[in-house]
Amino acid sequence: MPTRRGALIVAEASTPATFDATRAVGAADPPPGLGGPPADAGSGPAHILSRGKQVGPLMRIQGVVHDDADFAAFYEQSRDACLRAVRVSVTDPQTAEDLVAEAFARAWARWGQVRRHPAPRAWVVRTALNARVSRWRRLRREVEWADHEPPVADDANARFDDDLLAALRRLPARQREVVALRVLLDLDTETTARVLGIAPGTVTAHLSRAVAALRCDPPAASNQTPTMEATR
Amino acid sequence: MNDTEVLDHVRQAAADIHLDVPLETIVARGRARRSRRRRGMAAGTTRSLHGQHHL
């Protein structure tokens with residue numbers, strides 16, 4: 001029977017395996033850290049059956065098993081930062097929120113893979129921005145025919161300094177991405193470079209140019225907070 | 001204004017932005033998405049087997 005990678009695991013007939021796709025990792029397992037070993041590392045009581053080879057009492061479907069507590073911790077730590085990074089590129093706050101929520105839902109559905117990503121937060125931001133493009137393509141024809149009214153900004157999420165936001169959006173795409181990852185997601189230079197597929201030195205150069213552009217941008221530079229003035 | 005101050009300004013400007021979607025909503029959407037994907041994969045496997053059967 002043909003199998004698709006990651007889709008089908010065959011249990012040995014002699015194994016009285018219990019199967020729970022949503023909690024195949026045993027409850028007694030300590031939730032691994034975000035940067036720790038992958039869930040299928042084979043430690044603890046939740047041993048895994050993989051491709052018919054018995055290694056323990058539970059079997060899993062690769063890429064589907066979730067550690068809900070682990071994802072919940074990731075969500076709590078990352079959701080605001082991811083939304084901030086997406087807001088740099090997405091004008092409407094409600095749309096940005098929807099896109100980030102959708103990206104987190106996709107991350108949950110593929111948590112086994114996403115948790116092994118070098119920067120899961122960056123994965124969420126990239127997924128949200130890709131979803132934005134897909135959504136735009138889907139809605140393009142509808143907008144042509146429908147009476148399109150611009151969405152009303154939500155006050156709670158419209159507090160991003162409009163001038164600064166506009167200045168960020170005037171940056172070239174690559175510089176904007178670097179600002180989003182380095183500054184708003186707080187990734188280090190190495191990780192940012194890996195995520196964007198560029199050299200660390202290029203990240204530094206893009207960030208330097210972005211900062212120079214923001215400093216020279218009249219609206220953004222003139223709208224300083226009192227704290228900023230005090231630090232001069 | 002030096003580079004650090006510019007970056008601090010960006011961070012401060014974004015500090016009030018929060019994602020208020022509850023985790024339960026995210027999990028529900030993820031579960032629905034995963035179910036759709038599984039159904040699609042099952043349908044693809046069935047079509048593949050059916051196609052091989054007729055070859």
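Begin with chain A, which holds 10 helices and 0 strands. The model is a predicted one. Read from the N terminus, the elements of chain A follow the order α-α-α-α-α-α-α-α-α-α. Colour the chain by burial: of its 232 residues, 35% are buried. If contacts are displayed for residues at least 6 apart in sequence, 67% of those in chain A connect residues at least 24 apart.

**Stop 1: helix H2 of chain A**

Select residues 93-109 of chain A, which form helix H2. At 1.5 Å a residue, its 17 residues should span 24 Å, and the end C-alpha atoms are indeed 24 Å apart. Next, show the surroundings of this helix. H2(A) is largely enclosed by the rest of the structure, because 14 of its 17 residues are buried.

**Stop 2: helix H6 of chain A**

Move to residues 173-184 of chain A, helix H6. This helix has 12 residues, and the distance from its first C-alpha to its last is 15 Å, close to the 16 Å expected at 1.5 Å a residue. How many of the residues of H6(A) are buried? The count is 9 of 12, so that the helix is mostly covered. To see them, display Gln175(A), Glu177(A), Val178(A), Val179(A), Ala180(A), Leu181(A), Arg182(A), Val183(A) and Leu184(A), which are buried. The list includes Glu177(A) and Arg182(A).

**Stop 3: the loop between H6 and H7**

Follow the chain past the end of H6(A) to Asp186(A), in the loop that leads to helix H7 (189-196) of chain A. Asp186(A) comes just after H6(A) and has a positive phi of about 60°. This is a positive value in a residue other than glycine. Is Asp186(A) buried or exposed? It counts as exposed, because it has 12 C-beta neighbours inside 10 Å, and a residue with 12 or fewer falls in that class.

Now select Leu187(A), which is also placed in the loop between H6 and H7 of chain A. Leu187(A) has 24 other C-beta atoms within 10 Å and is therefore buried, the threshold being 20 or more. Show its contacts beyond four places away in sequence: Leu187(A) touches Ala119(A), Ala122(A), Leu181(A), Arg182(A) and Thr192(A). Two of these partners, Leu181(A) and Arg182(A), are among the buried residues of H6(A). For Ala122(A), draw a distance from C-alpha to C-alpha: it is 8.6 Å, although Leu187(A) and Ala122(A) are 65 residues apart in sequence.

**Stop 4: helix H8 of chain A**

Select residues 200-216 of chain A, helix H8. Its 17 residues reach 24 Å from the first C-alpha to the last, close to the 24 Å expected at 1.5 Å a residue. Display the side chains of Val203(A), His206(A), Leu207(A), Ala210(A), Val211(A) and Leu214(A), which are buried in H8(A). Looking along the axis, one finds them on the same side of H8(A), because they cover an arc of only 135° around it. Turn to the face directed away from this buried side, where Gly201(A) and Cys216(A) are exposed.

**Stop 5: chain B and its contact with chain A**

Show chain B, whose secondary structure consists of 2 helices and 0 strands. Of its 55 residues, 20% are buried. Then select the interface, in which 28 residues of chain B are in contact with 35 residues of chain A. On the side of chain B that touches chain A, helix H1 (3-14) and helix H2 (23-54) each contribute at least two residues. By class, the residues on this side of chain B are 13 nonpolar, 7 polar and 8 charged.

**Stop 6: helix H1 of chain B against H6 and H8 of chain A**

Isolate H6(A) and H1(B), whose axes come within 10 Å and cross at roughly 80°. This angle makes H6(A) roughly perpendicular to H1(B). Here Val179(A), Val183(A) and Leu184(A) of H6(A) meet Leu7(B), Val10(B), Arg11(B) and Ala14(B) of H1(B). The residues of this contact comprise 6 nonpolar, no polar and 1 charged.

Finally, replace H6(A) with H8(A), which packs against H1(B) at an angle of about 80°, the axes being 10 Å apart. H8(A) is thus roughly perpendicular to H1(B). Select Val211(A), Leu214(A) and Arg215(A) of H8(A) with Asp3(B), Val6(B) and Leu7(B) of H1(B), which make the contact. This contact of H8(A) with H1(B) has 4 nonpolar, no polar and 2 charged residues.

Key. Residues numbered from 1 in each chain as written. Chains lettered and ligands numbered in written order. Predicted model: local features only at pLDDT ≥ 70, side-chain atom pairs only at ≥ 80, totals over all residues. Helix = DSSP H or I, 4+ residues; strand = E, 2+ residues; numbered from the N terminus. Expected span 1.5 Å × (residues − 1). Arc of directions from axis to C-beta. Contact = placed C-beta atoms within 7 Å. Nonpolar A, V, L, I, M, F, W, Y, C, P; charged D, E, K, R; others polar. Axes fitted to C-alpha atoms, helices over the stretch in contact; angles between N-to-C directions. Parallel < 35°, antiparallel > 145°, perpendicular 65-115°, else oblique.
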